[in-house]
Amino acid sequence: MRTRFILIHTSHAGNVGAAARAMKTMGFTDLVLVAPRWPNVLRKEETIQRASGALDVLENARIVQTLDEALDGMSHLCATAMTPRDFGPPTRAPRAHFDLLLKKELPALYGQALEANLTHETGVAFLFGSERFGMANEDVYRCHVALSIPTNPGFGSLNLGAAIQVIAYEWRQALGGFAVQESAPQGQRADAAQVAGMLAHWEQALTDVGFLDPAAPKKLMPRLNQLFNRAQPTQEEIHILRGVAKAMIETARAKR
């Protein structure tokens, strides 16, 4: 589903960079600025620094002068506002609204026929107001929903970059999310011959240090064999274990 983030009258260059970074981490790239304070905000040093690698989002971003231009092609409009408007759209938490939106259950709640026709070609736009004043009432009234991020009732203030990150995360999760990446790539698993070679090396090392009695080995080696089969060591780990065995042998023989 097409997704656009729209920043209206943004006054701090760093927030534009932070927005680009927040969007890219969640896989979104369509950023439009409506009459920002700085006409060259996309090229300002603070913007670039805060983007921290999301320069492609900045390069593709557009600056327009009116909200009408920014909304071109968008079908479902989501305002972001902490304070409900008396005559505005319904206020909902992002997660709850996205669930209803994607299940196409909004018409029953709001009496709107638009959502029943949502497809992957539908354009969903998230609108964010200026840092000082938030969204103007007339802009909120144009939207189908006002998203309010559930926060601590005693301190609910979020900066613009943080708010965009939360909305981007919740929307990405609603669309299916990304798989959690492993912290480090797993090495190639050692085969049976490599494990057997390592165990033979350890058998010699354990004998040299006096831990294993070759005349009465009992079940030590078979149990170690089962242990390493469960561990499924990688080739690199086998090299480490053989290095330990080598050191044990050399140390034991040096003391003789």
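Where is Arg132 found? That is a handy way into this predicted model, so here are my notes.

1. **Arg132.** Look in the loop between β6 and α7 (137–141), and you will find Arg132 there. Its relative accessibility is 67%, over the 50% cut-off, so Arg132 counts as exposed. If you want a landmark from the other end of the numbering, try Ser11: Arg132 and Ser11 are 121 residues apart along the chain, yet their C-alpha atoms are separated by 8.3 Å.

2. **Phe133.** The loop between β6 and α7 also holds Phe133. You might wonder about an aromatic side chain here: is Phe133 buried or exposed? Phe133 counts as exposed, because its relative accessibility is 67% and the exposed class begins over 50%. Measuring sticks for this one: Pro36 is 97 residues away from Phe133 in sequence, and the C-alpha atoms of the two are 14 Å apart in space.

3. **Phe5 and Phe28.** Now for the aromatics. The structure holds six aromatic pairs. One of them is Phe5 with Phe28, a tilted pair with 5.7 Å centre to centre and 45° between the planes. Phe5 lies in strand β1 (residues 2–8), while Phe28 lies in the loop between α1 (13–25) and β2 (31–34), so this pair ties together parts that are 23 residues apart in sequence. Phe5 and Phe28 are both buried.

4. **Phe5 and Phe126.** Phe5 also pairs with Phe126, again as a tilted pair: 5.3 Å centre to centre, with 40° between the planes. Here the link is between distant parts of the chain, since Phe5 is in strand β1 and Phe126 is in strand β6 (residues 123–128), 121 residues apart. Phe126 is buried, as is Phe5.

5. **The aromatic cluster.** Which residues join Phe5 in one aromatic cluster? They are Phe28, Phe98, Phe126, Phe128 and Trp171. If you are clicking through the structure, I'd show these side chains together with Phe5.

6. **Strand β2 and its neighbours.** β2 is worth a look from both sides. Leu31 and Leu33 sit on one face, Val32 and Val34 on the other, and all of these are buried, so to speak covering both faces of β2. β2 pairs with β1 in the parallel sense over four bridges, and Val32 in β2 is the bridge partner of Ile6. β2 also runs parallel to strand β3 (residues 62–64), with three bridges joining the two. Val32 turns up again here, with Arg62 in β3 as its bridge partner.

7. **The crossover.** Which elements make a right-handed β-α-β unit? β1, α1 and β2 do. The loop between α1 and β2 is where Phe28 of point 3 lies.

8. **His76.** This histidine lies in strand β4 (residues 76–80). Its relative accessible area is 0%, so His76 falls in the buried class, which is under 20%. The side chains of His76 and His97 are joined by a polar contact of 3.0 Å.

9. **Lys44 and Trp38.** Last one, and a different sort of contact. What does the charged end of Lys44 sit over? The ring of Trp38, with the charged end 4.5 Å from the ring centre.

Technical notes: Residues numbered from 1 in each chain as written. Predicted model: local features only at pLDDT ≥ 70, side-chain atom pairs only at ≥ 80, totals over all residues. Heavy atoms only, no water. Buried < 20%, exposed > 50% of the residue type's maximum accessible area, 1.4 Å probe, protein only. Polar contact = N/O pair within 3.5 Å; in protein donor to acceptor, adjacent residues only side chain to side chain. Phe/Tyr/Trp six-rings, centres within 6.5 Å; stacked < 30°, edge-to-face > 60°. Lys NZ or Arg CZ within 6 Å of the ring centre and 35° of its normal. Pairing = 2+ DSSP bridges. Right-handed = clockwise from strand over helix to strand, strands pointing away.
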